[in-house]
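Reader: I would like the descriptive terms for this model justified one at a time. Please set each value against its cut-off.

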Amino acid sequence: MLLPTGFYPIREQLSAILPHLRQAQYQGLTYWVLGTLLAGRATLNAVLTALQGTAPLNTLRQRLRETLCDGKDRACPGKQQLETELCFAHLVTWVIAHSTAPKLALACDTTSF
């Protein structure tokens with residue numbers, strides 16, 4: 001699989017601010033963050049479009065969806081789910097620290113899959 005430019009620096013930064021995650025969780029979260037930065041939005045379709053060519057489209061879609069699924073809803077149910085409550089404050093702090101915009105809007109979608 002061809003990893004996009006910027007994948008490893010973002011992964012290193014995420015591992016520094018979220019040391020409790022597993023390697024597979026870093027990879028999924030890194031794809032989400034990089035795709036969001038490239039696309040300018042965090043919707044699944046926008047992230048997929050931004051990361052197009054890094055992996056087969058269906059593989060990439062499944063990897064992104066699995067990152068956010070509950071442990072019991074994953075293709076391999078025994079795998080640990082990403083605890084978003086433990087990541088949220090660290091990720092928001094990281095985004096604010098790297099933002100150059102004078103204003104930053106944060107929107108939270110409370111719907112589930």
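Author: The answers below concern a predicted model and take the chain first, then one pair of helices.

Reader: What makes up the chain, helices or strands?

Author: The chain has 5 helices and 0 strands. Along the sequence the pattern reads α-α-α-α-α.

Reader: How many of the residues are buried, as a percentage?

Author: Buried residues account for 30% of the 113 residues, where buried stands for under 20% relative accessible area. The chain exposes about 7,700 Å², and 58% of that comes from carbon and sulfur atoms. Of the contacts between residues at least 6 apart in sequence, 46% link residues at least 24 apart.

Reader: Why are α1 and α2 called oblique to each other?

Author: The axes of α1 (residues 7–17) and α2 (residues 23–39) cross at roughly 120°. Roughly perpendicular covers 65 to 115 degrees and roughly antiparallel begins over 145. The angle fits neither class, and α1 and α2 are therefore oblique. Their axes come within 9 Å, and the crossing is right-handed.

Reader: Which residues make the contact between α1 and α2?

Author: From α1 they are Phe-7, Ile-10, Arg-11, Leu-14 and Ser-15. From α2 they are Gln-23, Tyr-26, Gln-27, Leu-29, Thr-30, Tyr-31, Val-33, Leu-34 and Leu-37. Contact here requires heavy atoms within 4.5 Å.

Reader: How do the residues of that contact divide into nonpolar, polar and charged?

Author: The contact of α1 with α2 has 9 nonpolar, 4 polar and 1 charged. Tyr counts as nonpolar and Arg as charged in this scheme.

Notes. Residues are numbered from 1 along each chain as its sequence is written. This is a predicted model: local features need pLDDT of at least 70, side-chain atom pairs count only at pLDDT 80 or more; totals for chains, interfaces and linings use all residues. Side-chain values use heavy atoms; hydrogens and water are left out. Axes are lines fitted to C-alpha atoms, for helices over the stretch in contact, and angles run from 0 to 180 degrees between N-to-C directions. Helices (H or I, at least four residues) and strands (E, at least two) are DSSP runs, numbered from the N terminus. Angles under 35 degrees count as roughly parallel, over 145 as roughly antiparallel, 65 to 115 as roughly perpendicular and the rest as oblique. A crossing is left-handed if the near helix is turned anticlockwise from the far one by less than a right angle, and right-handed if clockwise. Buried means under 20% relative accessible area, exposed over 50%, partly exposed in between (1.4 Å probe, protein chains only). Accessible areas come from the Shrake-Rupley method with a 1.4 Å probe; for residues, only the protein chains shown count as cover.
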